[in-house]
Amino acid sequence: MKPDSYVVHIVDDEEPVRKSLAFLLTMSGFTVRVHESATSFLAVAPTLAHACLVTDLRMPDMSGVELLEKLGAISALPPAIVITGHGDVPMAVSAMKAGAVDFIEKPFEDQTLIDAITRAASRLEETVEIFADDGLLRTRLGSLSDRERQVLSAVVSGLPNKTIAYDLDISPRTVEVHRANIMSKMQAKSLAELVRMAIALKVANAHR
């Protein structure tokens with residue numbers, strides 16, 4: 001979809017961040033609206049059409065995850081991207097499970113956000129989720145070793161590398177190697193895509 005055919009709604013409690021993101025996206029050709037809190041966006045969400053959401057995960061009035069869950073409960077969840085602090089994977093995974101299309105970690109390049117919004121907006125023209133080829137994903141999953149499947153399950157559960165290493169009695173460096181192999185075998189371009197795949201395959205709670 002063309003950037004001017006939908007509105008990007010930015011939800012962040014920090015005014016400098018809202019202004020910075022709004023300036024970037026406006027200069028890139030997007031139509032933008034800003035919201036100072038999750039509560040204020042939630043109030044108008046049911047009336048919106050052709051919208052994408054960019055929201056911070058950690059906000060004082062309501063977390064990004066809570067916002068997505070509430071939007072989903074009232075059938076008003078637009079394609080959403082969550083912005084998370086570096087290493088805050090557990091909350092990002094929770095956001096994906098709550099319906100986020102993608103997540104990006106701070107700090108990020110301008111183009112990373114623009115590309116994420118473009119991908120999210122493509123959902124406005126779709127009526128079904130991608131990854132329709134369940135058999136292909138299961139073949140990739142089947143190529144993982146037992147240990148790699150344990151690590152994948154732990155990652156999708158939102159556990160950090162150090163915790164995974166402790167639970168599996170291996171070194172954090174070994175966990176990193178397994179994660180790299182998993183990304184390669186599953187042909188995932190990002191952690192967010194890997195999480196979406198795992199959620200589609202209902203991979204969880206098998207790491208212990």
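# Group meeting talk: helices, a buried aspartate and some unusual backbone angles

In helix α10, the buried residues are Leu191, Ala192, Glu193, Leu194, Val195, Arg196, Met197 and Ala198. That makes eight buried residues out of the 10 in α10, a helix that is mostly covered. Before I continue, please keep in mind that the structure above is a predicted model.

Let me stay with this part of the chain. According to UniProt, in an unreviewed entry, residues 137-202 form the feature "domain: HTH luxR-type". In the model this stretch is 76% helix and 0% strand. The C-alpha atoms at its two ends are 11 Å apart. Leu137, with which the annotated stretch begins, belongs to helix α6, residues 134-142. Is Leu137 buried or exposed? Its relative accessible area is 3%, so Leu137 is buried. From the C-alpha atom of Leu137 to that of Pro60 the separation is 38 Å, and the two residues are 77 apart along the chain.

Two other helices deserve attention, namely α8, residues 161-168, and α9, residues 172-186. How do they lie relative to each other? Their axes come within 8 Å and cross at roughly 105°. Angles of 65 to 115 degrees count as roughly perpendicular, and α8 and α9 are therefore roughly perpendicular to each other. On the α8 side, the residues that meet α9 are Asn161, Ile164 and Ala165. On the α9 side, their partners are Pro172, Val175, Glu176 and Arg179.

I now turn to the backbone. As a general rule, most residues other than glycine have a negative phi, and most peptide bonds are trans. This model contains several departures from that pattern. Asp169, which is not a glycine, has a positive phi of about 55°. It is located in the loop between α8 and α9, and its relative accessibility of 71% makes Asp169 exposed. Gln187 is likewise not a glycine, and its phi is positive at about 60°. This residue sits in the loop between α9 and α10. With a relative accessibility of 49%, Gln187 counts as partly exposed. A positive phi, near 55°, is also found at Lys202, which follows α10. Elsewhere in the chain, Ser75 has a positive phi of about 55° just after α3. Finally, the peptide bond from Lys106 to Pro107 is cis, with omega near -10°. Pro107 is in the loop between β5 and α5.

That loop leads us to helix α5, residues 110-122. The helix has 13 residues and spans 19 Å from its first C-alpha to its last, close to the 18 Å expected at 1.5 Å a residue. Which residues of α5 are buried? They are Leu113, Ile114, Ala116, Ile117, Ala120 and Ala121. These residues cover an arc of only 160° around the axis, which puts them on the same side of α5. Their cover includes the strands β1, β3, β4 and β5, together with helix α1.

Helix α3, residues 64-73, offers a second example, with Gly64, Val65, Leu67, Leu68 and Leu71 buried. Looking down the axis of α3, one finds these buried residues within an arc of 160°, so they line one face of the helix. They pack against β1, α2, β3, β4 and α4.

Next comes a residue that carries an annotation of its own. UniProt, again in an unreviewed entry, assigns "modified residue: 4-aspartylphosphate" to Asp56. In the model, Asp56 is in strand β3. Residues under 20% relative accessible area count as buried, and Asp56, at 7% relative accessibility, is therefore buried. What is Asp56 in contact with, leaving aside its neighbours within four places in sequence? The contacts are Val11, Asp12, Asp13, Gly64, Ile83 and Lys106. Two of these names have appeared before: Gly64 is among the buried residues of α3, and Lys106 precedes the cis peptide bond to Pro107.

My last residue is Glu36, in the loop between β2 and α2. Its relative accessible area is 55%, so Glu36 is exposed. Beyond its neighbours within four places in sequence, Glu36 is in contact with Asp12, Asp13 and Arg18. Asp12 and Asp13 are also contacts of Asp56. Between Glu36 and Met59, which are 23 residues apart along the chain, the C-alpha separation is 9.8 Å.

Terms used
Residues numbered from 1 in each chain as written. Predicted model: local features only at pLDDT ≥ 70, side-chain atom pairs only at ≥ 80, totals over all residues. Heavy atoms only, no water. UniProt positions renumbered as here; feature names shortened; annotations may be inferred. Helix = DSSP H or I, 4+ residues; strand = E, 2+ residues; numbered from the N terminus. Expected span 1.5 Å × (residues − 1). Buried < 20%, exposed > 50% of the residue type's maximum accessible area, 1.4 Å probe, protein only. Arc of directions from axis to C-beta. Contact = heavy atoms within 4.5 Å. Axes fitted to C-alpha atoms, helices over the stretch in contact; angles between N-to-C directions. Parallel < 35°, antiparallel > 145°, perpendicular 65-115°, else oblique.
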